[in-house]
Amino acid sequence: MAVEFHEFLCLTDNFGLLAHDPATGATAALDAPEAEPIFEALAEKGWSLTDIWLTHHHHDHIGAAAELKAQFPKARVVGARKDRHRLPPLDLAVGEGDVVQLGEGGAQVWETPGHTLGHIAYYFEDDDAVVVGDTLFSLGCGRVMEGTMPMMHETVMRLANLPGETLVYCGHEYTEANAKFAVVVDPDNPLLRERIQEVSALRGRGAFTLPTTIARERETNPFLRAGNPQLQKALGLDCADPVEAFTIMRERKNRF
């Protein structure tokens, strides 16, 4: 059976996410924003925590790791080898190309620098899903806090090259806010306007806008469309390098 995913809110707008292998009962928390919602989700599903997989070192993604480990002492804490000096104590340090097992399933580790230098994503290829932390959001991308703009552009475009049906689990419910910026820089994109209507309806009834898909983001996320002539025209550019367009958009989004 395929890995089962279960997402829920933590803190204000962070997503908690559990990945569960039905064959063995292995269950991973993808990041550790807040302990109580994770405990409640585990209880609701009847699952026991065996793993804690971290995407990056920011407190809203690791803050509950110690409490989770205290409740489930055998849970394996997984995180980036490059960031182990600023992550909770790791039981397994990983890097690009490593595979982390989850029962009979597992995920490839992708190094996804930009938001932070040590950021990683977990690609569940057999389950058509990728957990991206704060690298890619629906209709947006993470702030470039430690890396460079070319680095972040390369990272998000690598994700954009995944199969279109790949489900994308992001670290925050930012879609509605991202939509307000996206429509400014990509005003003539009808698929974006359809997505904005969908997002508005979902949020209006209290539903999540995630997971999204790679195909949907290719069509609607301006940060994956930096080379698009129509979008560049709206930015006042003409045949610009996609990295230049991406940089201009990200800097504008920082001030938006």
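A cavity is a set of grid points where a 1.4 Å probe fits but cannot get out, and its lining residues have an atom within 4 Å of a point. In this predicted model, the structure holds 1 cavity of 30 Å³ or more. The volume of the largest cavity is about 90 Å³. Its lining consists of 14 residues, and those nearest the centre are Phe-15, Leu-17, Leu-30, Cys-170 and Gly-171. Two or more lining residues are given by each of strand 2, strand 10 (129-133) and strand 13 (167-170). Strand 2 supplies the largest share, with 4 residues. By residue class, the lining of the largest cavity comprises 7 nonpolar, 5 polar and 2 charged residues.

Leu-30 belongs to strand 3. Leu-30 has a relative accessible area of 3%, and because buried means under 20%, Leu-30 counts as buried. Beyond its neighbours within four places in sequence, Leu-30 is in contact with Leu-17, Ala-19, Trp-53, Tyr-122 and Val-131. Leu-30 and Gly-171 are separated by 141 residues in sequence, while their C-alpha atoms lie 9.2 Å apart in space. Along strand 3 (residues 27-30), Thr-27 and Ala-29 point one way, Ala-28 and Leu-30 point the other way, and all are buried.

Strand 2, the main contributor to the lining with 4 residues, pairs with strand 1 as well as with strand 3. Strand 1 (residues 4-10) is mostly covered, with 5 of its 7 residues buried. Strand 1 and strand 2 run antiparallel and are joined by 7 bridges; Phe-8 has Gly-16 of strand 2 as its bridge partner. The hairpin of these strands has 3 residues between them, and Leu-11 takes a positive phi near 50 degrees there.

Strand 2 (residues 14-20) and strand 3 also run antiparallel, here with 3 bridges. Ala-19 is matched with Ala-28 of strand 3 as bridge partner. Strand 2 and strand 3 form a hairpin with 6 residues between them, and in the turn Gly-25 has a positive phi of about 85 degrees.

Strand 3 is paired in the parallel sense with strand 4 (residues 51-53), over 3 bridges. Ala-28 has Asp-51 of strand 4 as a bridge partner, in addition to its pairing with Ala-19. Together with helix 1 (residues 35-45), strand 3 and strand 4 make a right-handed β-α-β unit.

An open sheet of 6 strands has mixed pairing and the order 7-8-9-10-13-14. Strand 7 (99-102) and strand 14 (212-213) stand at its edges, each with a single partner strand, so one side of each is left without a neighbour in the sheet. Strand 7 pairs with strand 8 (residues 105-111) in the antiparallel sense over 4 bridges, and Ala-107 in strand 8 is the bridge partner of Val-100. Strand 10 and strand 13, which are part of this sheet, are also among the elements that give two or more residues to the lining of the largest cavity.

In helix 5 (residues 175-185), the buried residues are Thr-175, Asn-178, Ala-179, Phe-181, Ala-182 and Val-185. The elements covering these residues include strand 11 (136-137) and strand 12 (140-141), together with helix 6 (190-204), helix 8 (229-234) and helix 9 (242-255).

How values were computed. Residues are numbered from 1 along each chain as its sequence is written. This is a predicted model: local features need pLDDT of at least 70, side-chain atom pairs count only at pLDDT 80 or more; totals for chains, interfaces and linings use all residues. Side-chain values use heavy atoms; hydrogens and water are left out. Buried means under 20% relative accessible area, exposed over 50%, partly exposed in between (1.4 Å probe, protein chains only). Two strands pair if DSSP finds at least two bridges between them. A crossover is right-handed if, with the strands pointing away from the viewer, the path from the first strand over the helix to the second runs clockwise. On a 1 Å grid over the protein atoms alone, a cavity is a set of points where a 1.4 Å probe fits but cannot get out, and a pocket is an open set with protein on both sides within 12 Å along at least five of seven lines; lining residues have an atom within 4 Å of a point. Grid points are joined across faces, edges and corners, and a volume is the space filled by probe spheres set on the points. Ala, Val, Leu, Ile, Met, Phe, Trp, Tyr, Cys and Pro count as nonpolar, Asp, Glu, Lys and Arg as charged, and the others, Gly among them, as polar. Contact means heavy atoms within 4.5 Å.
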